[in-house]
Amino acid sequence: MKKIITKAVCLLCAGALVLGAAGCSKSADSSSAASSTAAAVYGSAEDYDYENFSYSSGLDENGYWEGVKALDYVTLPENFASLTFKRSEIEPTEEELQSEIDSLLSDHSTEKQVTDRAAADGDTVNIDYAGSVDGVAFSGGTYSGYSLTLGSGTFIDGFEDQIVGHTPGETFDVTVTFPEGYSDSTDSEGNTVVLSGKKAVFSVTLNYISEKVLPELTDAWVAENYGESDDVHTVEELKALYQKMLYNTNLQNAIMDDLLANSTFKELPKEVTDYQVNQCLNYYYTMANYYGYDLDSFVQTAAGYKNADDLLEGMSDSITTYSKEALLYQAVAETLDIVPTQEQIDTYSSYTGTYGENYCTMVALMDAVTDALTESAVVS
């Protein structure tokens, strides 16, 4: 199954946030490594209209960047339509294959409830909690049956650590301090409860510890889960399917890496880089609103950056790379007169309400370019 969000146009960081902390793919350490020169290229967050970003804005009905001819900005290598690779560089390793199989089994795991030992770091626990500030319960501070992985950094600093060592059936207090910039809440009567910088006490009941039970990889299990949908009935057939998928992924990545390394970029059009910046900032802005933060406070708490400008500095290399990739897809399409088939476009029809038709057409165009380059590549 193809994903609507593709690496060439997406700069989103995966992460969940509850009560004020999240895991993201960038950190304060990575931001400090970015050059100030790169940061200056993309300026300040206040220079962008990220609050009103939409995925199809700046794209035309053909999936091209509106008003941009990619070949004016990038020169493709002469052999781009028939790149050559060593098979040893493309064939997936046993470790890669096993990792995919392990991930598949994990996705089909069942839950075993453990109640006879203490919770440890790394455990997933099921908890009830009720929070209060200065003895006043606040909206959003109470939940029953929440599954939390200890050490994930999902909750406010110190919350998860204080669950470690407790056993299922225990009720105990967890004391934490809300970060500065956290939005106000309300009490049961609608009165404002200030949370920013405030100490909060949560009464926590540890219900049980969850342990994953992986299914046994057998022909019967494969047939039951994939026989009808994918016509895969045995373990060997499943491994062959994943072998092929990994091979194609490795080849596609190798093609893009080769194009990035051997294409010449005169400059990057502002339309493309602005899109990438706005997409990145809009993601964090949306998450900040959802969890009751302003943008600067959210990126500081959730991702370890000083503020949104520091985020742009830390993301500058990625913004540049994604912009180059986006141009490369269009440049190849312009050179080879590639257009997506109706079938490729229809693949994303269910996403048009969220992302817009032009964005979905662009993703379909990227699929068409990828298919063409993969078919013409020489692996020996």
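This is a friendly dialogue about reading salt bridges and one buried side chain in a predicted model.

Trainee: I keep hearing about salt bridges. What is the general idea?

Mentor: Side chains of opposite charge can pair when their charged atoms come close. Remember that we are looking at a predicted model here.

Trainee: How many salt bridges does a search of the whole structure find?

Mentor: The search finds five. Let's begin with R117 and D123, whose closest N and O atoms are 2.8 Å apart.

Trainee: Are R117 and D123 buried or exposed?

Mentor: They fall into separate classes. R117 has a relative accessibility of 28%, so it counts as partly exposed. D123 has a relative accessible area of 12%, so it is buried.

Trainee: Which residues are linked with R117 and D123 in a network of salt bridges?

Mentor: That would be E211; R117, D123 and E211 together make up a salt-bridge network.

Trainee: Now, how do I read where the two partners sit along the chain?

Mentor: Find the element that holds each partner. Take the salt bridge between the side chains of D134 and K198, at 3.9 Å from N to O. This pair links distant parts of the chain, 64 residues apart. D134 lies in the loop between β6 (124-133) and β7 (136-149), while K198 lies in the loop between β10 (192-193) and β11 (199-213).

Trainee: And how accessible are D134 and K198?

Mentor: D134 is exposed, at 66% relative accessibility, and K198 is partly exposed, at 31%.

Trainee: Where do D274 and K270 sit?

Mentor: Both belong to helix α7 (residues 270-291). They are four residues apart in that helix, so about one helical turn separates them. Their side chains meet in a salt bridge of 2.6 Å, N to O. Here D274 is buried at 17% relative accessibility, whereas K270 is exposed at 56%.

Trainee: Can we try a residue outside these pairs? Where is N250 placed?

Mentor: Look in helix α6, which covers residues 235-262. With a relative accessibility of 16%, N250 counts as buried, because the cut-off for that class is under 20%.

Trainee: What lies around N250?

Mentor: Set aside its neighbours within four places in sequence, and N250 is in contact with I90, E91, P92 and E96. For I90 there is a further detail: its backbone oxygen lies 3.0 Å from a polar atom of the N250 side chain.

Trainee: Thanks! I'll look for the partners, then their places, then their accessibility.

How values were computed. Residues are numbered from 1 along each chain as its sequence is written. This is a predicted model: local features need pLDDT of at least 70, side-chain atom pairs count only at pLDDT 80 or more; totals for chains, interfaces and linings use all residues. Side-chain values use heavy atoms; hydrogens and water are left out. A salt bridge is a side-chain nitrogen of Lys or Arg within 4 Å of a carboxyl oxygen of Asp or Glu. Buried means under 20% relative accessible area, exposed over 50%, partly exposed in between (1.4 Å probe, protein chains only). Helices (H or I, at least four residues) and strands (E, at least two) are DSSP runs, numbered from the N terminus. A polar contact is a pair of N or O atoms within 3.5 Å; within protein, one must be able to donate a hydrogen and the other to accept it, and residues adjacent in sequence count only if both atoms are side-chain atoms. Contact means heavy atoms within 4.5 Å.
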